[in-house]
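Please look over the model shown below before reading on. This report goes through its sheet, one of its helices and a small group of neighbouring residues.

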Amino acid sequence: MKQSSIRQYQESVSVQASAEAVYDLVSDITRTGEWSPVCKACWWDDEDSAGQPGAWFTGRNELPHRTWQTRSQVVAAERGREFAWLVGGKFVRWGFTLAPADGGTVLTESWEFLPEGIAMFREKFGDAADAQVAERTEQALDGIPKTLAAIKRIAESATAREEVRS
């Protein structure tokens, strides 16, 4: 399969921390800049609905050649199991699923470029849409393993700190 035709991807990592602790980390979108290679900051649009299904947040993304913001809506928020959002409310689905395993958690990050997103890119970029979609796809494929490695490092170092205090 040509990489430019990939529209969804997921990868997993084992984390030596509870599913609830990992969920608390990944669902705190204000910490996204600690692990994402592209999204450098996020904030809740309305603090009162933070972390709940239907809540909106804004993210600031940075690459060497451009900086932009997106708004996303939380579509799944089940502590210890899943946290997911839709960029633009319908264009791209990002999420984390969590499953207890061997005293820790299997954390899976998933990404899917939805049909509405492809259509929006065709409208916005015209003949350059395929190249733009391919660039975003490459960013996701490159970023997911980096994100998972960083989350694992952060979660396990937090778990180690908790064990020392006990």
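What follows describes a predicted model, beginning with the sheet and then turning to the helix, the loop and the cysteines.

The sheet is open and consists of seven strands in the order β1-β7-β6-β5-β4-β3-β2, with antiparallel pairing. Its edges are formed by β1, which spans residues 8-15, and by β2, each of which pairs on one side only. Averaged over the sheet, and with direction ignored, neighbouring strands are turned by 20° against each other. In general terms, strands of a sheet pair through backbone hydrogen bonds, in either a parallel or an antiparallel sense.

At the β2 edge, the partner is strand β3 (residues 56-63), and the two strands pair in the antiparallel sense over five bridges. Across this pairing, tryptophan 44 stands opposite phenylalanine 57 in β3.

Helix α1 comprises residues 19-26, and within α1 the residues Ala19, Val22, Tyr23, Leu25 and Val26 are buried. Because these residues cover an arc of only 160° around the axis, they lie on the same side of α1.

The loop between α1 and β2 (39-44) contains threonine 32. A polar atom of the threonine 32 side chain lies 2.8 Å from the backbone oxygen of isoleucine 29. Leaving aside residues up to four places away in sequence, threonine 32 touches Cys39 and Cys42. Threonine 32 and these two cysteines are buried, as the relative accessible areas in the table show.

| Residue | Relative accessible area | Class |
|---|---|---|
| Threonine 32 | 12% | buried |
| Cysteine 39 | 11% | buried |
| Cysteine 42 | 8% | buried |

How many disulfides does the model contain when a disulfide is taken as a pair of cysteine sulfur atoms within 2.5 Å? The count comes to zero. Cysteine 39 is in no disulfide, and the nearest cysteine sulfur, that of cysteine 42, is 3.4 Å away. Likewise, cysteine 42 is in no disulfide, its nearest cysteine sulfur being that of cysteine 39, at 3.4 Å. The cut-off for a disulfide is a sulfur pair within 2.5 Å, and therefore the 3.4 Å between cysteine 39 and cysteine 42 does not qualify.

Taken together, the loop residue threonine 32 touches Cys39 and Cys42, while β2 (39-44) is an edge strand of the sheet that pairs with β3.

Note on methods: Residues numbered from 1 in each chain as written. Predicted model: local features only at pLDDT ≥ 70, side-chain atom pairs only at ≥ 80, totals over all residues. Heavy atoms only, no water. Buried < 20%, exposed > 50% of the residue type's maximum accessible area, 1.4 Å probe, protein only. Helix = DSSP H or I, 4+ residues; strand = E, 2+ residues; numbered from the N terminus. Arc of directions from axis to C-beta. Polar contact = N/O pair within 3.5 Å; in protein donor to acceptor, adjacent residues only side chain to side chain. Contact = heavy atoms within 4.5 Å. Pairing = 2+ DSSP bridges. Axes fitted to C-alpha atoms, helices over the stretch in contact; angles between N-to-C directions.
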